[in-house]
Amino acid sequence: MQTSNAPSIVNEATEITGEAATHGTGNWLAVLISGLALTGSAVSLWETTLRQPEIKLYVSENIQYTRDPYGPFEVLAVPVTITNSGARDGAVLSLQLEAKNSATGQTEKFKSSYVADAQYFGSRDDVAERLKRPKSPFAPISVSGRSAFTGTILFYRSASGGKNLIEPASKLDMTISVTLPAESGWLDKALATDPPAVTVKADVPTFFPGALLSGDNAPLQVTSGAF
């Protein structure tokens, strides 16, 4: 987090203003300048130290669909960027994805289960040989003030088994949202705002389910909602 000398500037501006008023010099220009300095210092203190975390979620259009044979589970690999434009550090406890097959009307919830990197997309699953694509369990994400996190989140369907939601040549409506820690102080609660959810529409290509179970991915054709 950035350091600031705003408190010392505030004190100096306050002293100058007080001296001008005490001596009755009538030098209102000095008082005006000091007041402007005081205001600027207060704004600087807010922007560099006091401003609450302001989390915002962005979703890339490079969304992939696959299936994990160790379940089996339907999986959506979603590249995301989470920004924090506030001065204070923020955190994201989890992400949620709700997907609806617009043809059948079926809706399922997915949870942020893992984080993946390039090795995940360059390897394969093989149940017979006990091979698993490398991935890391999802953990709460810390986002420092005025910084961002970028990564690929693996959303696993919350309930395994039953009818698959995502089939070849289908259409999806997806809503992705984040869960933030609850604010404790009354002022933090008053100023806190929840980041808006991101709604994405996509077309599912034709794919072979057996290929997905061995490590292939089906890239979705995003039609709206992603950056």
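Me: Which residues are linked in a network of salt bridges?

Reply: Heads-up first: this is a predicted model, where local features need pLDDT of at least 70, side-chain atom pairs count only at pLDDT 80 or more, and totals for chains, interfaces and linings use all residues. Residues are numbered from 1 along each chain as its sequence is written, and side-chain values use heavy atoms, with hydrogens and water left out. A salt bridge is a side-chain nitrogen of Lys or Arg within 4 Å of a carboxyl oxygen of Asp or Glu. The network links Glu74, Glu108 and Arg157.

Me: How many residues apart in sequence are Glu108 and Arg157?

Reply: Their salt bridge has its closest N and O atoms 3.2 Å apart. Glu108 sits in strand 6 and Arg157 in strand 9, so the pair ties together parts of the chain. Strands are DSSP runs (E, at least two residues) and helices likewise (H or I, at least four), numbered from the N terminus. The separation in sequence is 49 residues.

Me: Is Arg157 buried or exposed?

Reply: Buried means under 20% relative accessible area, exposed over 50%, and partly exposed in between (1.4 Å probe, protein chains only). Glu108, at 18%, makes the buried class. Arg157 has a relative accessible area of 6%, so it counts as buried.

Me: Which strand holds Arg67, the salt-bridge partner of Glu167?

Reply: Those two side chains meet at 3.9 Å, N to O. Glu167 lies in the loop between strand 9 and strand 10, so the pair ties together parts 100 residues apart in sequence. Glu167 is partly exposed at 28% relative accessibility, whereas Arg67 is buried at 7%. The strand holding Arg67 is strand 2.

Me: Why is strand 3 largely enclosed by the rest of the structure?

Reply: Strand 3 has antiparallel neighbours: five bridges join it to strand 2 and ten join it to strand 9. Two strands pair if DSSP finds at least two bridges between them. Strand 3 is largely enclosed because of its buried residues, which number ten of the twelve.

Me: Which two residues touch the most other members of the largest nonpolar core?

Reply: A nonpolar core is a set of buried Ala, Val, Leu, Ile, Met, Phe, Trp, Tyr and Cys residues joined through side-chain atoms within 4.5 Å. This one has 34 residues, and the elements giving it two or more include strand 3, strand 5 and strand 10. The two residues touching the most other members are Leu76 and Met174.

Me: Which residue of strand 3 is in contact with Met174?

Reply: Contact means heavy atoms within 4.5 Å. Leaving aside neighbours within four places in sequence, Met174 touches residues including Leu97, Ala99 and Val200. Strand 3 covers residues 73-84, and the contact there is Leu76.

Me: Which residues make up the covered face of strand 5?

Reply: In a regular strand the side chains alternate between the two faces of the sheet. The uncovered face of strand 5 carries Ser94, Gln96, Glu98 and Lys100. The covered face is Leu95, Leu97, Ala99 and Asn101.

Me: Which residue of strand 6 stands opposite Leu97?

Reply: Strand 5 runs antiparallel to strand 10, with eight bridges, and Leu97 stands opposite Ile176 there. Strand 5 also runs antiparallel to strand 6, with five bridges. Opposite Leu97 in strand 6 stands Phe110.
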